[in-house]
Amino acid sequence: MKKKLLAALLTGAMVLGSVAVPALAEDTGSVEGIQADAEFYAAADLGVLSGKKIGITIQSLQNAYWAGVMTALQEVLDNAGAEATIIACDDNSATQIGQIENFKTSGCDLIMVHPSDAEAVEDACAEAREAGVKVMCWDDPMTNTDADWVLDNTSLGQAIGELAGEFINEHYSEEEPVKVALLGHPETKVLLERANGIKTGLANVAEGKYEIVAEQDGLEANNAQTSMETILQGHPDCNVVVGVGAGAMIGANEAYMIKYDGQIPENVGVITTDVTKQQLNSILADEATRGIIGFEGSDEDTAEACASMFALILADSVESQIVFRGVAPITAETAETILAEMK
């Protein structure tokens with residue numbers, strides 16, 4: 001079931017209503033790369049990871065999505081016989097630079113960095129590679145890496161906006177437009193690109209049927225809930241939320257659950273990205289969570305795909321520095337299947 005689900009999510013577009021979300025193009029603006037699909041990951045031999053020392057530094061483990069994926073990744077790497085250390089820099093570049101340097105001096109074969117600031121860690125990554133360490137970046141196209149496993153964040157945002165636009169079209173009109181809140185995190189480049197893409201997607205599908213009345217921070221669930229409660233004080237009829245990640249969805253959904261005492265009207269919706277158990281359960285419980293633009297499938301699917309990237313890099317089998325991940329919508333029709341695969 002798992003392999004069939006992963007293959008389905010990685011092969012082209014999945015369709016929700018009239019929204020088709022395409023696989024990302026191999027040439028995205030000025031950044032060129034290859035598109036990862038089921039065949040790409042299947043070429044990896046996880047046996048390559050046995051006995052390898054791998055250091056992983058990410059922005060935060062407070063985010064529900066990252067906590068789930070990293071838990072699953074640790075298990076996949078342990079089962080493959082790798083010695084893996086996963087730590088967070090708490091969105092501090094200086095801390096992350098020190099972590100990269102420590103991984104280098106401790107004899108890591110591969111370092112994965114999910115950068116707080118990609119430019120800030122370039123030199124540390126370059127020094128690691130000069131010492132013979134393979135380096136992979138998750139999320140940002142970088143210079144001093146062996147491979148970058150990335151999303152086209154503008155296109156991802158556009159997919160979120162278009163999915164939200166379809167929801168708006170179902171419940172609102174130009175005569176009765178809806179107020180929309182955007183929960184983002186403009187301090188991080190990729191998330192700013194994602195937020196700008198959301199605006200484009202909304203305009204593409206539902207122009208004239210909505211008004212963005214607030215843009216506030218919403219990366220972590222607690223911040224997102226606080227932001228949404230503040231927004232609802234000023235705009236009690238703000239019925240749609242779009243956001244850059246799981247935290248935005250979880251926090252906004254909770255704010256709506258409190259506002260409506262658990263009885264969410266059908267014209268209230270939250271649409272973001274990332275995939276966590278809490279998001280999927282919210283979809284299935286008919287809460288404010290209406291749809292997610294997901295990636296490989298469950299957190300375990302993403303962990304296996306990431307481990308496959310490690311194996312391919314260590315085997316010198318990645319033909320392009322940039323490897324694009326695919327995206328697909330997750331709704332009530334597919335959420336139960338994905339939930340069954342979650343850690």
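These legends go with a set of close-up views of a predicted model.

**View 1. The seven-stranded sheet, strand by strand.**
Here we look at an open sheet of seven strands, in the order β5-β16-β10-β9-β8-β6-β7, and the pairing is parallel. At the edges you'll find β5 (residues 34-35) and β7, each of which pairs on one side only. Helix α3 packs on this sheet, where it touches β6, β7 and β9, and its direction makes about 180 degrees with that of β6. Helix α4 also comes into the picture: it lies across β6, β7 and β8 (residues 110-113) and runs at about 180 degrees to β6. For a look at one strand pair, pick β10 (residues 147-150) and β16 (residues 322-324), which run parallel and are joined by three bridges. In that pair, W149 has V323 of β16 opposite it.

**View 2. Helix α3 and what sits on top of its buried residues.**
Does the length of α3 come out short, long or as expected? Its 16 residues (64-79), taken at 1.5 Å a residue, should span 22 Å, and the end C-alpha atoms are 23 Å apart, so the two agree. The start of the helix has a contact worth zooming in on: a side-chain oxygen of N63 comes to within 2.8 Å of the backbone nitrogen of Y65. Along α3, the buried residues are Y65, W66, G68, V69, M70, A72, L73, V76 and L77. Their cover includes strands β6 (53-58), β7 (83-88) and β9 (134-138), along with helices α9 (246-259) and α11 (299-314). Just past the end of α3 comes G81, with a positive phi of about 85 degrees.

**View 3. T57 and its surroundings in β6.**
T57 is a residue of strand β6. Is T57 buried or exposed? With a relative accessibility of 0%, T57 counts as buried. Its side chain makes a polar contact with the side chain of Q99, at 2.6 Å. Setting aside neighbours within four places in sequence, the residues in contact with T57 are I87, C89, Q96, Q99, I100, F103, M112, V113 and H114.

**View 4. The six-stranded sheet and its helices.**
This one is an open sheet too, with six strands in the order β12-β11-β13-β14-β15-β17 and mixed pairing. Strands β12 (210-217) and β17 (328-330) stand at the edges with a single partner strand each, so one side of each has no neighbour in the sheet. On average, neighbouring strands of this sheet are turned by 20 degrees against each other, with direction ignored. Seven bridges hold the pairing of β11 (residues 178-184) with β12, in the parallel sense. Within that pair, K179 stands opposite E211 of β12. Helix α6 (residues 153-171) packs on the sheet and touches β11, β12, β13 (238-243), β14 (269-273), β15 (289-294) and β17. The direction of α6 makes about 165 degrees with that of β14. Helix α10 (residues 277-284) packs on the sheet as well, touching β14, β15 and β17, at about 135 degrees to the direction of β15.

**View 5. The buried side of α10.**
Moving in on α10, its buried residues are Q279, L280, S282 and I283. Why do they end up on the same side of α10? They cover an arc of only 160 degrees around the axis, and that puts them on the same side of the helix. What covers these buried residues includes helices α9 and α12 (332-339), as well as strands β14, β15 and β17. After α10 comes D286, which has a positive phi, near 60 degrees.

**View 6. Two loop aspartates with positive phi.**
D90 sits in the loop between β7 and α4 (93-105). Though not a glycine, D90 has a positive phi, near 55 degrees. Its relative accessible area is 57%, so D90 is exposed, the cut-off being over 50%. For the other aspartate, D261, the place to look is the loop between α9 and β14. D261 isn't a glycine either, yet its phi is positive, about 50 degrees. How exposed is D261? Its relative accessibility is 68%, so D261 counts as exposed.

Note on methods. Residues numbered from 1 in each chain as written. Predicted model: local features only at pLDDT ≥ 70, side-chain atom pairs only at ≥ 80, totals over all residues. Heavy atoms only, no water. Helix = DSSP H or I, 4+ residues; strand = E, 2+ residues; numbered from the N terminus. Expected span 1.5 Å × (residues − 1). Buried < 20%, exposed > 50% of the residue type's maximum accessible area, 1.4 Å probe, protein only. Contact = heavy atoms within 4.5 Å. Polar contact = N/O pair within 3.5 Å; in protein donor to acceptor, adjacent residues only side chain to side chain. Pairing = 2+ DSSP bridges. Axes fitted to C-alpha atoms, helices over the stretch in contact; angles between N-to-C directions. Arc of directions from axis to C-beta.
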